[in-house]
Amino acid sequence: WNLLSSPFGGTIYPVNNNPRNPHKSIFGIKSYQRMQEIPEQDPIDLAIIAVPARVVKSVMQDCVEVGVKGAIIISAGFKETGEEGAKLEKEILDIARRGHIRVVGPNCLGVMNPIGGLNATFATHIAKPGNVAFISQSGAMCTSILDWSLQANVGFSSFVSIGSMADINWGDIIYYLGDDPKTKAIAIYMETIGDARSFMSAASEVAFTKPIIVIKPGRTEQAAAAAASHTGSLAGSDDVLDAAFKRCGVLRVNKIREVFEIVELLGKQPLPRGNSLAVVTNAGGPGVISTDALIGSGGQLACLGDDTMAKLNDLLPSHWSHSNPIDILGDATPDTYARSVELAAMDPACHGVLVILTPQSMTDPSKTARGIAEVAKKVGGAKPILASWMGGQGVTEGREILDEAGVVTYDYPDSAAEMFTYMWKYSLNISHLYETPRWCAEMRPDQAVDVIIANAQSEGRTILTELESKQILSAYSIPTVQTVLAMTAEEAVSAAESMVLPTERVVLKLNSTSITHKSDVGGVKLNLSGPEQVRNAFLEMEESVCKRFGKDAFLGVTVQPMVDMKNAYELIVGASPDSQFGPVMLFGSGGILCEVFKDKSLALPPLNSNLAHIMMEDTKIYRALEGIRGNDSIDMTALEKLLVNFSHLIMEKWQFIREIDINPLLASSEGLLALDARVILHDSTHMDVDGEMSHIVRPAIRPYPTEFEQHWETKKGKVVLIRAIMPEDEPLIVDFHKRISEESVYTRFFNNIQYKERVNHNRLIRVCHVDYDRDIALVVLDGDKLKDDNKKIIAAGRLTKRHGVPVAEFSMLVADAYQGQGLGEKLLRELVERGRAEGLDAIEAIVLPTNKTMLHVSKKVGFQCVYDMDEGVVKTIMNLREKHNSSGPADLQHRRFTSLQF
C-alpha cells in the first residue's frame with residue numbers, strides 16, 4: 001500500500017508465494033506466484049522481500065534468475081538470532097553476490113526517497129522532502145524520527161533503515177549520499193560500525209563537503225551489550241570509536257535532538273575558527289548556566305580585549321558584569337543589545353556569540369531580535385551567532401524573526417552553548433582531516449625485525465624479551481637505553497663495569513619470554529652500584545623467579561645504566577587491537593601509575609606529524625611537556641617523529657604484533673629515551689591454509705603503499721623514483737604546476753585553469769591526501785632519494801575508483817620538459833597493474849581528440865578508443881577481466897565518467 005499511495009514513477013509487481021492465501025490480485029494489481037511469471041520485457045530494478053526468514057533464500061534465488069539488480073530484505077530472523085540465523089544470512093548473501101545483487105538489510109524497515117516519492121518501507125507515512133539524509137540501524141528509531149519529523153515539518157532527501165548490513169554497509173550508503181546533489185547533510189543513528197575500513201574511507205571523503213552527524217549509543221558497557229544483541233555484531237570500544245570519528249571528520253553527538261539541531265546550525269551559520277564564545281545576556285543566571293555547559297562540553301569563554309572592554313564600559317551602565325558573560329542588565333534596550341553583540345563579535349579573541357534574552361518588564365523580544373538580525377548581516381558570516389530567547393508565547397515572534405535571519409534560536413542557553421562547541425569540534429575535525437604535515441617521515445627498517453619475529457614464532461613464543469623488543473624499536477629510530485644481556489651473575493657484573501656512567505649505577509631487569517610485567521614479580525632491581533650489589537641482585541632475582549615460576553621463566557637479566565629521572569616525564573606509547581578497527585595507538589602519562597591516572601589519548605595509525613601533535617594535545621600531561629614551573633619544554637618535534645615512527649611500526653607489522661608498549665618513555669629537554677618495552681605477538685599456530693591469520697582485524701586505515709616504490713630509467717637514461725603520493729607532497733605539487741604549459745593544462749583539464757586555481761590549498765589537499773582504498777595516485781620524482789632537498793615531481797598519475805562498481809578512471813600529467821621520455825606510458829602501465837591488483841574490472845578515461853600523444857600511449861598500453869560524436873571526446877577503456885572482454889566499443893557510449901584530479 002505504501003508503494004501505491006506514494007507514486008514514484010515505476011511499476012509494481014506483487015508476488016504472493018503463500019499457497020494458503022493465493023490472491024490473484026493485491027489492491028487491484030495482478031499478483032504473481034513467482035518472479036519468473038513477470039513479463040520479461042519489464043526488467044525488475046528492486047525486490048522488496050517481506051517473507052519468513054526460512055523462505056528468503058528461495059526468493060533470492062528467484063531474484064538471481066530474473067536478473068533483479070537490488071533487494072531490500074525487511075524480514076528478521078538472521079544473525080541477530082544466533083548461529084543458525086547467521087548461517088542462513090551468509091547463504092542468502094552468497095546467492096546475492098553470485099547474481100550481482102546489492103542488498104539492504106535484512107531486519108530493516110526499508111528505504112524511502114521522499115523527493116522521488118518512493119516509500120519501500122512498512123512505515124505508515126512517507127517522510128517530507130528535504131535536504132538531510134537519515135540512516136539508521138534501528139527500524140524503531142526510524143519510525144520515531146519519522147513521526148517527529150512530520151509534526152516538526154522536517155524533511156529528508158533519503159530515509160534509510162540499513163538493518164544488520166549483510167551487504168550494503170555504512171560506507172556504501174555514505175558514498176551514495178555524498179554523490180547525491182539533493183543531500184546537503186547526513187544524519188546517522190549507529191549501533192555497530194560493521195566494516196570499519198569502508199566507513200572510514202567513505203566518511204573521510206564525504207565529510208569534507210557534507211556534514212556527517214552520528215549518534216552512537218553504547219557509551220556504557222550495558223548499552224554496548226544491548227546494541228550488540230540487537231544487531232548481532234560486535235560493538236567495539238567507545239573510546240576507539242571517538243578517535244575514529246575524529247580521524248574521518250565525523251561529528252558525534254549524544255542526544256537525538258542534537259542530530260537535527262546541529263544539522264540546522266551548520267546549514268545556517270559559519271564554522272567557528274576557535275572554541276572561544278562571548279555570551280551577551282540580560283540576566284546573570286542564564287549566563288552562568290551557559291558558561292557551565294560551554295566549559296563542560298569543551299569550549300571556553302572568550303577573553304575580551306582591552307579595546308572591547310573600554311567600548312562596553314562606555315556603552316553599558318556602570319553595574320554591568322565587566323567580564324564575559326557580558327551581563328547588560330535587565331533594562332537593556334534593543335539598541336544596547338545590538339551594539340553589545342556587535343562589539344563582542346568584532347573582538348579578535350571571540351570566535352562566536354551567544355545572545356540570551358529573558359523576558360523582563362522593559363524587554364522588547366521582537367525589536368531586540370530585529371537588531372540582532374541586522375548585526376548578523378554586518379558580521380557577514382565571519383562568526384556564528386546563536387540565540388536563546390527564553391520564555392513562551394511572549395518571545396515567539398522574536399524567535400521567528402531570528403530564524404528568518406538565519407540566527408538559530410534555542411529554548412535554553414545551555415543547549416545553545418553545547419551546540420557552539422559541537423560546531424567547533426566539527427570544524428576542528430575537518431581542518432585536521434586535510435592539514436598538510438610539516439615534515440616527511442622516511443622509514444627504512446632493516447630485516448632484523450623480521451628475523452626477531454620469525455625466531456620467536458619458530459620457537460612457539462608470543463612474548464618477546466625486553467632486549468628483542470628494544471631492538472625492534474631501535475630499527476624504527478626510537479631511542480632506547482643501552483641494554484646488555486647477561487646469563488650469569490659474573491656476566492652481569494662485567495656488563496655493569498663496562499658502563500661508564502656519571503652516577504656509576506645500573507639496573508637489572510628480568511629477561512623472560514613468559515613474564516611481561518617484570519616489576520610485579522620482583523624482576524627489576526634499581527640503583528645498583530659496585531660488583532657485589534649487582535651479583536647479589538642477580539642471584540636474588542634468579543632464586544625468586546625460579547622458585548615461583550620455574551627455571552624456564554628465568555633467561556638471565558638485562559643490564560642497563562640507571563637513568564637520572566629527576567627532570568624527566570614518564571610517558572607511555574603503545575598499541576593494541578580493537579575488535580572493529582584493528583590496531584589502535586595510545587599515548588599519555590606513563591609509569592607504574594598510568595592505569596590509575598588514565599591520562600591518555602587514542603588514535604588510529606598511521607600518523608603524520610600533525611596527527612601526532614593532535615594526539616599529544618589531547619592529554620593532560622601535554623601542558624607539562626610544553627614547560628611548566630621553570631622546566632624547559634621537551635623537544636616536541638622529536639616526540640612527534642617518535643609517534644609517527646611508532647605508527648609505521650604498527651602498520652608494517654600489524655599481522656605479527658598483537659600488543660606493544662613503551663613504558664616508561666622518558667621525556668625531558670635533553671631528549672627522549674625508551675626505558676622499557678614489551679611486545680606480544682599474535683599466536684602463529686592459528687594461521688589458515690594460506691598462511692594468513694584470519695582472526696586478526698586489519699587496520700581501519702589502509703597504510704601508505706611502500707610497495708609501489710621503484711626506480712626506473714627514462715629513454716634519456718635518467719633514473720627517477722616512482723612512488724605513491726604523500727600529504728607532504730603538496731609543496732612539490734605546487735612547484736610541479738609551475739612547470740606545466742597552458743597547452744598541457746588544456747589537454748589535461750579540458751579548460752585553461754589558471755595556476756592559482758590549480759594550486760589552491762583546498763584543491764591540493766584532495767589531490768595529496770589519498771585514501772588508498774579509494775584512489776591510487778603515483779608521482780614520479782626527479783631524484784632517487786626521498787630526503788633529497790632538491791627533488792621535484794615531474795609527472796603524476798591517478799586511478800579514481802567509481803563508487804559501487806569495480807571500475808576506475810585514470811588521469812595523468814607530465815611536466816613539459818620531461819615529455820617524450822616514456823614517462824606517460826610507464827605511469828599508465830603501472831596504473832593498469834595496480835588496477836588489476838585491486839580487483840578492478842575496467843579502467844577508463846576521457847581524452848580530447850587533439851591529445852594525440854595520450855591516445856597513442858593509451859592504444860599502445862592496450863586501451864580501446866572510441867570517438868563520441870555527441871560529446872566531441874574520445875572515450876577509452878581497458879577490460880581487466882577476461883570474462884568481460886565481450887564488452888566492446890558500444891559499451892563506451894553509455895559509461896558515466898567522473899571529473900579527474902591532477
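A residue counts as partly exposed when its relative accessible area lies between the buried class, under 20%, and the exposed class, over 50%. With that definition at hand, and keeping in mind that this is a predicted model, begin the tour at Leu46.

Select Leu46, which belongs to strand β3, a run covering residues 46–49. Its relative accessibility is 35%, so Leu46 counts as partly exposed. Now display what surrounds this residue: once neighbours within four places in sequence are set aside, Leu46 is in contact with Val68, Gly70, Ala71 and Ile72. Then add Val103 to the selection; although Leu46 and Val103 stand 57 residues apart along the chain, their C-alpha atoms are separated by 9.6 Å.

Next, select the cysteines. How many disulfides does the structure hold? It holds 0, and two of the cysteines can be inspected in turn. For Cys63, the closest cysteine sulfur is in Cys108, at 14 Å, which is too far for a bond, given that a disulfide requires two cysteine sulfur atoms within 2.5 Å. Cys63 counts as buried because its relative accessibility is 0%. Move on to Cys350, whose sulfur lies 11 Å from the closest cysteine sulfur, that of Cys303, again too far for a bond. Cys350 is buried, with a relative accessible area of 0%.

Finally, select residues 413–433, which form helix α15. A distance drawn from the first C-alpha of this 21-residue helix to the last reaches 30 Å, close to the 30 Å expected at 1.5 Å a residue. Colouring α15 by accessibility shows a mostly covered helix, with 16 of its 21 residues buried.

Notes. Residues are numbered from 1 along each chain as its sequence is written. This is a predicted model: local features need pLDDT of at least 70, side-chain atom pairs count only at pLDDT 80 or more; totals for chains, interfaces and linings use all residues. Side-chain values use heavy atoms; hydrogens and water are left out. Buried means under 20% relative accessible area, exposed over 50%, partly exposed in between (1.4 Å probe, protein chains only). Helices (H or I, at least four residues) and strands (E, at least two) are DSSP runs, numbered from the N terminus. The expected span of a helix is 1.5 Å times one less than its number of residues. Contact means heavy atoms within 4.5 Å.
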